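Me: Please look closely at the nonpolar core of this chain and set it in its surroundings. I am a first-year student, and I should be glad to have each term explained as it appears.

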Amino acid sequence: GQVVVTSTSGDEIGQEIFKCKPASSLDALSLCSIPSKAGGFSVLWAAVAGDGCIKIIDLRDCREETESTINYEDDDEPGVVSGLTFSRGGQTITFNVSTGCVYSYLARLPLMFEARGNTVAWLSSLREITVTEIVDGKSRSGKNAEKVKIECEVEPAVIGAGPRHIAAGTVLSLLALPILAGQGAGRRVYYHSRRDGEKTEKEYPAK
């Protein structure tokens with residue numbers, strides 16, 4: 001049930017860097033590595049399955065992410081994980097269990113944000129956008145603070161910030177929406193008013 005991390009650098013090859021025992025026995029293991037533009041990795045995780053749960057180990061900080069534990073096993077249906085994998089970009093983690101069930105969980109949010117002047121909008125959950133104002137490098141606080149959470153109907157593929165509205169758009173798939181067949185795939189954009197929350201919807205290209 002132990003996970004051992006060793007070095008592969010020069011004279012340190014084979015030298016133990018980190019060791020932990022996340023479970024009494026391990027059924028499956030998967031790695032997720034996302035390169036950073038500055039060099040190295042922005043994400044370097046190991047997911048291990050055992051004892052009815054999935055645990056995430058941060059290989060950069062050499063620690064177990066205890067708050068990210070996924071418990072999948074029911075008392076009535078014990079099972080063993082026989083497949084465990086991260087999606088490209090590490091957004092989801094999917095695994096199948098010997099009971100015949102397939103599970104998929106969110107592992108990390110896609111990095112999505114937009115700024116206009118002092119206004120910054122970012123994806124704070126799969127269907128939520130948070131908007132705030134930045135003054136002198138800090139979020140504005142106090143009586144004049146503006147921090148708004150916008151609920152989206154679907155997970156946005158793109159967001160935008162304007163002087164009066166926040167836009168959240170999603171790509172339309174011909175497979176998902178057969179009624180658009182022959183018109184080509186488009187993009188549906190929802191405009192949320194920052195003042196009263198009123199929402200309008202437009203489709204591009206226009207019908």
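Reply: The accessible surface of the chain comes to about 13,000 Å², and carbon and sulfur atoms account for 49% of it. Such areas are computed by the Shrake-Rupley method with a 1.4 Å probe, and for residues only the protein chains shown count as cover. The model is predicted, so local features need a pLDDT of at least 70 and side-chain atom pairs count only at pLDDT 80 or more, while totals for chains, interfaces and linings use all residues. Residues are numbered from 1 along each chain as its sequence is written, and side-chain values use heavy atoms, with hydrogens and water left out.

Of the 207 residues in the chain, 33% are buried. Here buried means under 20% relative accessible area, exposed means over 50%, and partly exposed lies in between (1.4 Å probe, protein chains only). The chain has 18 strands and 0 helices; these are DSSP runs numbered from the N terminus, with E over at least two residues for strands and H or I over at least four for helices.

We may now turn to the core. In soluble globular proteins, nonpolar side chains tend to be buried together. A nonpolar core is a set of buried Ala, Val, Leu, Ile, Met, Phe, Trp, Tyr and Cys residues joined through side-chain atoms within 4.5 Å. The largest one in this chain has 17 residues, and those touching the most other members are Ala 47, Ile 54, Val 81, Leu 84, Phe 86, Ile 93 and Phe 95. Two or more residues each come from β3 (28-35), β4 (41-50), β5 (53-58), β7 (81-86) and β8 (92-97). Strand β4 gives the largest share, 4 residues.

Which residues does Ile 93 touch, apart from those up to four places away in sequence? They are Ala 47, Ile 54, Ile 56, Ile 70, Leu 84, Thr 85, Phe 86, Tyr 103, Ser 104, Tyr 105 and Ala 107, where contact means heavy atoms within 4.5 Å. Apart from this core lies another, of 11 residues, including Ile 129, Ile 159, Ile 166 and Ala 168. Across the chain, 31% of the contacts with a separation of 6 or more join residues 24 or more positions apart.

The strands that supply the largest core can be followed into their sheets. Strands pair if DSSP finds at least two bridges between them. One open sheet has 4 strands in the order β3-β4-β5-β6, with antiparallel pairing. Its edges are β3 and β6 (63-71); each has a single partner strand, so one side of each is left without a neighbour in the sheet. Neighbouring strands in this sheet are turned by 20 degrees against each other on average, direction ignored. Such angles are taken between axes, which are lines fitted to C-alpha atoms (for helices, over the stretch in contact), and they run from 0 to 180 degrees between N-to-C directions. Strands β5 and β6 pair in the antiparallel sense over 5 bridges, and Arg 63 in β6 is the bridge partner of Asp 58.

A further open sheet has 3 strands in the order β7-β8-β9, and its pairing is also antiparallel. Here β7 and β9 (102-106) are the edge strands, each pairing on one side only. The average turn between neighbouring strands of this sheet is 15 degrees, direction ignored. Antiparallel β8 and β9 are joined by 5 bridges, and Leu 106 in β9 stands opposite Thr 92.

Two loops of the sheet that begins with β3 deserve attention. Most residues other than glycine have a negative phi, and most peptide bonds are trans. Asp 51, in the loop between β4 and β5, has a positive phi, near 60 degrees. This residue, Asp 51, is partly exposed, with a relative accessible area of 47%. Cys 62, in the loop between β5 and β6, has a positive phi as well, near 55 degrees. Cys 62 is partly exposed at 26% relative accessible area.

What, finally, of disulfides? A disulfide is a pair of cysteine sulfur atoms within 2.5 Å, and the count by this rule is 0. For Cys 62, the nearest cysteine sulfur belongs to Cys 20 and is 9.3 Å away. Cys 152, by contrast with the partly exposed Cys 62, is buried, with a relative accessible area of 10%.
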